[in-house]
Amino acid sequence: MTKLPNILITGTPGVGKSTLGVQLATRTGLQHVCVGDLADIEQLYEGYDDEHKCHILDEDRVLDELEEKMSAGGVIVDYHGCDFFPERWFQAVYVLRADTSVLYNRLQHRGYELRKVQENVQCEIFGTIFEEAHSSYRFEIVKELPSNTLNDLDENVEVIVQWLVGWTLMQSRLC
Ligand SMILES: Nc1ncnc2c1ncn2[C@@H]1O[C@H](COP(=O)(O)OP(=O)(O)O)[C@@H](O)[C@H]1O
């Protein structure tokens, strides 16, 4: 039987990765893994960054934790970084993008302190994660999606479902 593909949803914190991941999992039956939640549950950290007031992810342990699942296929991973995952894990990479004011409000609402809000908004303005995705994965599998409104959310689910249908069809023809 053909293996299902793995999909990476990435982007600056607050762009809507988990929201899309959950909806997509419900719609497709694929398994959704939020790396931030996984790291919290399993304590996959190697320290604490006092300056940025956040845990430092133990990337090697995250990779070990996920390897088996990813090899089996059919996983939607969401995380705000993407350069430490093996390229072979993903058949599609979606980078969510949000407008400055939208992201600012979401992060403020999340209770981030001003400096952290500003740093993340700046990261989004510079397209840092988009660049990271392009330098880590083949150009043709990286797609950018707007994530400002609930209408965007619905459309993004449709776009990815359509990609999944096309991918599955292509694989069955190749077999
Ligand atoms: N497309 C969207 N339109 C409107 N609000 C959204 C959208 N995507 C996410 N949100 C909201 O933005 C906030 C951050 O979303 P979340 O999925 O937690 O972001 P991330 O996983 O990227 O940090 C949540 O309150 C969520 O309900």
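# A tour from a helix pair to the ligand

Begin by selecting helix 4 (residues 100-109) and helix 5 (residues 114-126), whose axes come within 10 Å and cross at roughly 150 degrees. The model on screen is predicted. Angles over 145 degrees count as roughly antiparallel, and helix 4 and helix 5 are therefore roughly antiparallel to each other. Their crossing is right-handed.

Next, show the side chains where the two helices meet. On the helix 4 side, pick Thr 100, Leu 103, Tyr 104, Leu 107 and Gln 108; they meet Val 117, Asn 120, Val 121, Glu 124 and Ile 125 of helix 5. Of the residues in this contact, six are nonpolar, three polar and one charged.

Now turn to the open sheet. In what order do its five strands lie? The order is 2-5-1-6-7, and the pairing is parallel. Select strand 2 (31-34) and strand 7 (142-146): these stand at the edges with a single partner strand each, so one side of each has no neighbour in the sheet. On average, neighbouring strands of this sheet are turned by 20 degrees against each other, direction ignored.

Stay in the sheet and select strand 1 (residues 7-10) with strand 5 (residues 75-79). Four bridges join these two strands, which run parallel. To find one place along the pair, pick Leu 8, which stands opposite Val 77 in strand 5. Strands of a sheet pair through backbone hydrogen bonds, so display the backbone here.

Add helix 6 (residues 128-136) to the selection. Helix 6 lies across strand 1, strand 6 (92-97) and strand 7, and runs at about 165 degrees to strand 6.

Move on to strand 3 (residues 45-49) and strand 4 (residues 54-57). Do they run parallel or antiparallel? Strand 3 and strand 4 run antiparallel, joined by four bridges. Asp 49 stands opposite Cys 54 in strand 4. The hairpin has four residues between the strands, and in it Lys 53 takes a positive phi near 50 degrees.

The last stop is the ligand. Which of the 14 residues around the ligand come nearest? Select Gly 16, Lys 17, Ser 18, Thr 19 and Leu 153 to see them. Two elements, helix 1 (17-28) and helix 7 (150-174), give two or more residues to the shell around the ligand. Colour the shell by residue type and four nonpolar, seven polar and three charged residues appear.

Conventions: Residues numbered from 1 in each chain as written. Predicted model: local features only at pLDDT ≥ 70, side-chain atom pairs only at ≥ 80, totals over all residues. Near = placed C-beta within 6 Å. Nonpolar A, V, L, I, M, F, W, Y, C, P; charged D, E, K, R; others polar. Axes fitted to C-alpha atoms, helices over the stretch in contact; angles between N-to-C directions. Parallel < 35°, antiparallel > 145°, perpendicular 65-115°, else oblique. Left-handed = near helix turned anticlockwise from the far one by under 90°. Contact = placed C-beta atoms within 7 Å. Pairing = 2+ DSSP bridges.
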